[in-house]
Amino acid sequence: MKSQLTTWLLLALPASALAGAGSWTGSSTAGQLSVGGQIMVSQPISAPAPMPAGVKTAAVSWQIALLSAPPAGLQIKLCGSNRCLTLNSLRGHQAIARDKPLTGPWHFVYNVQSKGQLRPALTVVKNQLTVNYR
């Protein structure tokens, strides 16, 4: 009975409500920072196929792999074409408010708030991003 009710509810929804939601995952590399105070920007990450018309980013999830422990003063941002989000960890999830859209292509931006040589250097092996949209 429960499955029949679920099926009926899904059939009662407009097709646009079902077709407009989804997610995609992409990854990129960034490189290495050996001196504090510099900015490093990753390669762009874009949806593998064109997004359906009218969809908005609902949430983003990320995972960043470093070669060594993060240095003190590391700041990471995830930037879209219209604004940036500050990321407080190497892995996480953040909902995107409907009134503050965030669109791609996407870049991870790294900065270490220190002066002089970084020992060891900040080496970003991989950036992974999952974008949920509605």
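Tutor: A disulfide is a pair of cysteine sulfur atoms within 2.5 Å, and we shall apply that cut-off to a predicted model, in which local features need pLDDT of at least 70, side-chain atom pairs count only at pLDDT 80 or more, and totals for chains, interfaces and linings use all residues. Residues are numbered from 1 along each chain as its sequence is written, and side-chain values use heavy atoms, with hydrogens and water left out.

Student: How do you know that Cys79 and Cys84 form a disulfide?

Tutor: Their sulfur atoms lie 1.9 Å apart, which is within the 2.5 Å of the definition, so the pair qualifies. The structure holds 1 disulfide.

Student: What makes this disulfide of Cys79 and Cys84 right-handed or left-handed?

Tutor: The torsion about the S-S bond of Cys79 and Cys84 is about 105°, and therefore the disulfide is right-handed.

Student: Which of the classes buried, partly exposed and exposed does Cys79 fall into, and why?

Tutor: Buried means under 20% relative accessible area, exposed over 50%, and partly exposed in between, with a 1.4 Å probe and protein chains only. Cys79 has 11% relative accessibility and so counts as buried, whereas Cys84, at 38%, counts as partly exposed.

Student: How does Cys84 fit into the pattern of side chains along strand S6?

Tutor: Helices (H or I, at least four residues) and strands (E, at least two) are DSSP runs, numbered from the N terminus. Along S6, residues 84–87, the side chains alternate, with Leu85 and Leu87 pointing to one face and buried, while Cys84 and Thr86 point to the other face and are not buried.

Student: What makes S5 and S6 a pair?

Tutor: Two strands pair if DSSP finds at least two bridges between them; strand S5 (residues 74–79) and S6 have 4 bridges, in the antiparallel sense, so they satisfy the criterion. Thr86 in S6 is the bridge partner of Lys77, and a hairpin of 4 residues joins S5 to S6.

Student: Why does Ser42 count as buried?

Tutor: Ser42 has 4% relative accessibility, and therefore counts as buried, although it lies in the loop between strand S3 (39–41) and strand S4 (57–66). With contact taken as heavy atoms within 4.5 Å, and leaving aside residues up to four places away in sequence, Ser42 touches Ser28, Thr29, Ala30, His107, Phe108 and Asn127.

Student: What makes a group of residues a nonpolar core, and which members of the largest one touch the most others?

Tutor: A nonpolar core is a set of buried Ala, Val, Leu, Ile, Met, Phe, Trp, Tyr and Cys residues joined through side-chain atoms within 4.5 Å. The largest has 26 residues, of which Val60, Trp106, Phe108, Tyr110, Leu122 and Leu129 touch the most other members. S4, S5, S6, strand S8 (107–112) and strand S9 (117–133) each supply at least two residues of this core, and S9 gives the most, with 6 residues.

Student: Which proline in S9 follows a cis peptide bond?

Tutor: Pro120 is found in S9, and the peptide bond to it from Arg119 is cis, with omega near 0°.

Student: How confident is the predictor in the protein?

Tutor: By pLDDT, the predictor's confidence in each residue from 0 to 100, the protein has a mean of 86, and 85% of its residues reach 70 or more. Over residues 2–18, however, the pLDDT is below 50, and beyond near neighbours in sequence this stretch has 2 contacts in the model. Where pLDDT is low, the predicted coordinates should not be read in detail.
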